[in-house]
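Student: I've got a model open and I keep tripping over the labels. Can we go through what each one rests on?

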Amino acid sequence: MTMTDEQLPAVAASPQPGHLQTPPPPTLVKARLTTELLASIALTGFSIAVAAGYARVFTGWDFFGDLVVLALSGHAFGFVARRLRLPGFVSVPLTVALMVWIIAAVHYRDSMWLLIPTGDTLELFRQEIEAVRQQFRTEVAPVSFEGGWDVLAAIGISLAVALSDAFAFRALARAEALVPGGALFIFIAALGSDRSRVALATALVFAGVVATVALRAHHAPQRGAVIGAQRSPIKRIVPAALGTATVVALAASFIGPRLPGADTSPVYEIRSSGGGRVTNVISPLVDIHSRLTSRSNAEFFSVRADFASYWRLSALASFNGNEWGLPERSLTSADGELSTARAGTDELRQEITIAALGDKFVPTAPDPVAASPQKGLRWNADSSTLLKTDGSLIAGSIFEVVSASPRFDLRTLQTATSNDAGDPIYLELPDNFPLSVRELAREVTAVSTTPYEAAITLQDWFRSQFEYSLEVQTGHGNSAIEDFLSDRIGYCEQFAGTYAAMMRTLGVPARVAVGFTPGNYNGERYSVLGKNAHAWPELWFDGLGWVLFEPTPGRGAPGAEYYTNVAFDQDATGVDPGSFPDASPEGAAPEIPVSPATTTAGPVATAPDGISASPSTNSQPDEFTGAAAGTPKEKRTSYPTGRLMVLPLIGVAVAAPELTRRWRRHRASTDSAATIALLWRQSLGGLHDVGVHPAASLTPIECARHASVTLPVVARPLASLAEAVTEVSYAPSGAANQIAECRQWKRQIERAVKDSLSPLARVRRYFTRLS
């Protein structure tokens, strides 16, 4: 039968018929503490290996430090709780509560009151989890560690840590303690990409073997050495664990990938297959939603181009009242002409190098007419979508695209009609589309006499009457549109989606394009970051095609200034505004009036405090926040060092009482008789804590008899300690030989006292007793 170190004193205290009690030697107790510490460290390493497995579903490694903090905190708190002798039904919930608090404090700190979660905290959490739930069926890895996915990952690793720690040290499990983390790792692998597949699996196997060996050594019965000196647990466990783990992990990493069938296609493919239709891959608006909310400074791709442009992923035509998406459309091979260049366009050649854009949509400038390499590329003209259907984009991939960049004649736009976009889908609205939105669109554009005047008037109305902000609920359905029009605050998804829907109510074909603003030009290439993700509306004009407009304040498309009357603008945080070359080739923009006589220019985009937000000063965060809000609270998405200092401070506060008591005992006296007397007084103090109050006039042996009536479990160790303190009172010279036994009897009494207290009283006593 295996015993924990908590059980050893109790076993030693049990009376043995015909025998004197023999307490376990101090070296055995110390060895048990050492093996438990080693097992806790090994199990923490396994949890960190599980956390590393998230590399298969997230871009970059931003997630790793955050999840490591949770793993360290959970296992460290479990170890401290066991040292405090907290029962499992108390310590396990407390461990979970601690990690939940860490998640809330980091991601939703501004919604908390004195670092206590509030109703706003719960609402932010609910909204983000709901957003992730809606995206889960269509999202394809890798995604950014933002927009609710970060919180979901934190919850997963927290549960795995709490369960594995409980199984290992409360249920005395060995390899079984690895099941929660292993199950999470396998689930992540099933949904993720092949990124570092072998390396991550090897690390998991290595950490798992080390943890299993350490747990077996901790739970195995401790036996004294028969011949020779007894080896310390560190010398006994560490070499065996590391040696075994190294052999097993190397064998797994070498043999596993070479097993027959390791690289064959799965029996059932749970991810998108990227078949022959554009809707066989996810809607880019859903797919890049997390990317748009990330406000990341990570480079997604770079472009060597003749001049600046918006880089479009796709154009969404289908609006069902809940979301803009891709309709069912066929794909054609990209080995020929993608589309025919219209008159008056400028040729724009692009060399696109993928960095961390891990989906299937290839970014291009409007409107692509040719692309290479052609293998695996498919094209859909209706949605202007160029797809890589033989697999996701990978870092280092290079695509060469030629686009016919549109240059529209303003006078032609002013008189153009918008009757036939070639498909009625561009005018479709759901039957329950709010009547109030239709009426508002007519009211705002009442003085407009042409589709172009209506487009500019509505664009300028948004830019002058609305505020750009990320602290709003995500969405682009009917309810989001009504809320957006009521609150008059939002970000690009809501500006673009609402603008396009309102133009459809006026009979103008419209769609929503998703992609990126130009990015930072470094003198050779445009470096496009996560924070450059954007959405904008496009309207159809007969004889001209799809024309971009920009209703989002703080954004402006290059090359469209002369007809939108909006200067080029984007998130310029940390970017030199003079680093961008001309948006158009010299002479491309026609020398004609900037705006029609019937409209006025929209004002410069302003920040919430009214300060002009030019490209050089605009510090607003970028498109789409992961903070599903509806409240003025801000979501925090990082684990800054300053806040993490709270954790060691909490640890110091918890350890301080015990450290103080040990320091006092060490300083108290070096005299053996005085030490035994101190142990007796400490034991009497423990009895007082459980309501046993012997009279001061009683001798130590009489006190022991009196206490045994109320607390029988302490009868034997207390009687032994009373006899020892009585003996050394008359013969101090014999005290040195009894010190070890007296300390053990005192520990047994302390153990009995703790077991007699409630968990709350035990915690209170830990912080209040003096010795």
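Tutor: Sure, starting with accessibility: buried means under 20% relative accessible area, exposed means over 50%, and partly exposed is in between, with a 1.4 Å probe and protein chains only. Keep in mind that this is a predicted model, where local features need pLDDT of at least 70, side-chain atom pairs count only at pLDDT 80 or more, and totals for chains, interfaces and linings use all residues. Residues are numbered from 1 along each chain as its sequence is written, and side-chain values use heavy atoms, with hydrogens and water left out.

Student: Okay, so why is asparagine 565 called partly exposed?

Tutor: Asparagine 565 has 24% relative accessibility. Set that against the cut-offs of 20% and 50%: the value falls in between, so the label is partly exposed.

Student: What is special about the backbone of asparagine 565?

Tutor: Its phi is near 60 degrees, which is positive in a residue other than glycine. Most residues other than glycine have a negative phi, and most peptide bonds are trans. Asparagine 565 is in the loop between helix 17 (561-564) and helix 18 (641-644). Helices here are DSSP runs of H or I with at least four residues, strands are E runs of at least two, and both are numbered from the N terminus.

Student: And serine 384, is that buried or exposed?

Tutor: Buried: serine 384 has a relative accessible area of 7%, so it falls under the 20% cut-off. Serine 384 also has a positive phi, near 50 degrees, and lies in the loop between strand 8 and strand 9.

Student: Which peptide bonds are cis?

Tutor: One of them runs from proline 366 to aspartate 367, with omega near -15 degrees. Another runs from serine 372 to proline 373, with omega near 0 degrees. Aspartate 367 is in the loop between strand 6 and strand 7 (368-372), while proline 373 lies in the loop between strand 7 and strand 8.

Student: What makes strand 8 and strand 9 a pair?

Tutor: Two strands pair if DSSP finds at least two bridges between them. Strand 8 (residues 377-380) and strand 9 have four bridges, in the antiparallel sense, so they qualify. Leucine 377 stands opposite lysine 388 in strand 9.

Student: How do you know which strands are at the edges of that sheet?

Tutor: The sheet is open, with three strands in the order 5-8-9 and antiparallel pairing. Strand 5 (332-333) and strand 9 (385-388) each pair on one side only, and they are the edge strands.

Student: Why is strand 1 described as largely enclosed?

Tutor: Five of the seven residues of strand 1 (residues 299-305) are buried, so the rest of the structure largely encloses the strand. Strand 1 is antiparallel to strand 15 (residues 526-529), joined by four bridges, with serine 302 opposite serine 527. Five bridges join strand 1 to strand 6 (residues 346-354), also antiparallel, and there valine 303 faces isoleucine 352.

Student: How do helix 22 and helix 23 pack?

Tutor: Helix 22 (residues 715-730) and helix 23 (residues 739-756) have axes 9 Å apart, at an angle of about 145 degrees. Those axes are lines fitted to C-alpha atoms over the stretch in contact, and angles run from 0 to 180 degrees between N-to-C directions. Contact means heavy atoms within 4.5 Å. Among the residues that meet are Pro717 and Leu721 in helix 22, with Cys742 and Trp745 in helix 23.

Student: How many disulfides are there?

Tutor: Zero. A disulfide is a pair of cysteine sulfur atoms within 2.5 Å, and by that rule none is counted. As for accessibility, cysteine 703 comes out at 7% and is buried, and cysteine 742 is buried at 0%.

Student: Where is confidence lowest and where is it highest?

Tutor: pLDDT is the predictor's confidence in each residue, from 0 to 100. The lowest mean is 39, in helix 1 (residues 7-13), and the highest is 95, in helix 14 (residues 451-465). The chain averages 76, with 71% of the residues scoring at least 70. Over residues 1-23 pLDDT stays under 50, and the same holds for residues 286-294.
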